Amino acid sequence: MTNRIEHQPEQRTFEIYVDDVLAGHADYTQTDGVRDFDHTVVSPEFGGQGLAGQLVTAALDATRAEGFKIATSCSYVEKFVGKNTEYQDLLAA
């Protein structure tokens with residue numbers, strides 16, 4: 001199996017594919033230089049494979065590279081940032 005993550009800025013989402021099947025997405029809103037990640041979901045048939053973590057890692061890395069801060073309305077992203085302190089500098093004040 002091959003995983004691929006794509007950013008779809010027009011839809012304000014990051015998507016993760018397993019082979020060529022959409023397995024999940026992390027949605028955000030964007031205002032004044034802040035991306036608020038408000039929903040992360042992985043389809044049940046792909047659960048337990050660590051895809052949400054891969055997806056959020058890629059989304060946060062891209063967000064940092066693009067110069068944005070983050071807000072964490074999504075509980076998964078909030079917990080992820082809490083456990084992965086290397087992303088806490090991205091939190092908007």
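**Exercise 1. Which glycine takes a positive phi just after H1?**

*Solution.* Start at the end of helix H1, which covers residues 51-65. Just past this helix comes Gly 67, with a positive phi of about 85 degrees. Keep in mind throughout that you are working with a predicted model.

**Exercise 2. Find the residues with a positive phi that are not glycines, taking Arg 12 and Asp 19 as your cases.**

*Solution.* Begin with Arg 12, whose phi is positive at about 55 degrees although this residue is not a glycine. Its place is the loop between E1 and E2. Its relative accessibility is 36%, so Arg 12 counts as partly exposed.

Now move on to Asp 19, again not a glycine, with a positive phi of about 55 degrees. Asp 19 sits in the loop between E2 and E3. With a relative accessible area of 40%, Asp 19 is partly exposed.

**Exercise 3. Describe the order of the elements in the protein chain, then check the chain against the globule rule.**

*Solution.* First, count the elements: the protein chain has two helices and five strands. Next, read from the N terminus, which gives β-β-β-β-α-β-α. For 93 residues the globule rule gives 12 Å, and the radius of gyration is 12 Å, close to that value, so the chain is as compact as a globular protein of that length. Along the principal axes, the C-alpha atoms fill a box of roughly 40 × 30 × 20 Å.

To finish, turn to burial and contacts. Buried residues account for 34% of the 93 residues. Of the contacts between residues at least 6 apart in sequence, 38% join residues at least 24 apart.

**Exercise 4. Test whether the length of H1 agrees with its residue count, and work out what covers its buried residues.**

*Solution.* Take the length first. H1 has 15 residues, and at 1.5 Å a residue it should span 21 Å; the end C-alpha atoms are 21 Å apart, which agrees.

Then list the buried residues of H1: Leu 51, Ala 52, Gly 53, Leu 55, Val 56, Ala 59, Leu 60 and Thr 63. A helix rule helps when you read such a list: an α-helix has 3.6 residues a turn, so residues three or four places apart point the same way.

Last comes the cover. It includes the strands E1 (3-8), E2 (13-18), E3 (21-31), E4 (34-42) and E5 (69-72), along with helix H2 (75-83).

**Exercise 5. Is Thr 40 buried or exposed, and which residues does it touch?**

*Solution.* Locate Thr 40 in strand E4. The cut-off for buried is under 20% relative accessible area. Thr 40 has 16% relative accessibility, so it counts as buried. Leaving aside neighbours within four places in sequence, the contacts of Thr 40 are His 25, Ala 26, Leu 55, Val 56, Cys 74, Tyr 76 and Val 77. Two of these, Leu 55 and Val 56, are among the buried residues of H1.

**Exercise 6. Place Cys 74 in the chain and list its contacts.**

*Solution.* Cys 74 belongs to the loop between E5 and H2. Its relative accessibility is 6%, so Cys 74 counts as buried. Leaving aside neighbours within four places in sequence, Cys 74 is in contact with Phe 37, Asp 38, His 39 and Thr 40. Now compare sequence and space: Cys 74 and Ala 26 are 48 residues apart along the chain, and their C-alpha atoms are separated by 9.0 Å.

**Exercise 7. How many positive and negative side chains does the protein chain have?**

*Solution.* The tally is 7 positive and 15 negative, and the centres of the two sets lie 6 Å apart. For the surface as a whole, the accessible area comes to about 5200 Å², of which 50% belongs to carbon and sulfur atoms.

Conventions
Residues are numbered from 1 along each chain as its sequence is written. This is a predicted model: local features need pLDDT of at least 70, side-chain atom pairs count only at pLDDT 80 or more; totals for chains, interfaces and linings use all residues. Side-chain values use heavy atoms; hydrogens and water are left out. Helices (H or I, at least four residues) and strands (E, at least two) are DSSP runs, numbered from the N terminus. The radius of gyration is taken over C-alpha atoms; the globule rule is 2.2 Å times the number of residues to the power 0.38. Buried means under 20% relative accessible area, exposed over 50%, partly exposed in between (1.4 Å probe, protein chains only). Contact means heavy atoms within 4.5 Å. Accessible areas come from the Shrake-Rupley method with a 1.4 Å probe; for residues, only the protein chains shown count as cover. Lys and Arg count as positive and Asp and Glu as negative; His and the chain ends are not counted. The place of a charge is taken as NZ of Lys, CZ of Arg, CG of Asp or CD of Glu. The expected span of a helix is 1.5 Å times one less than its number of residues.
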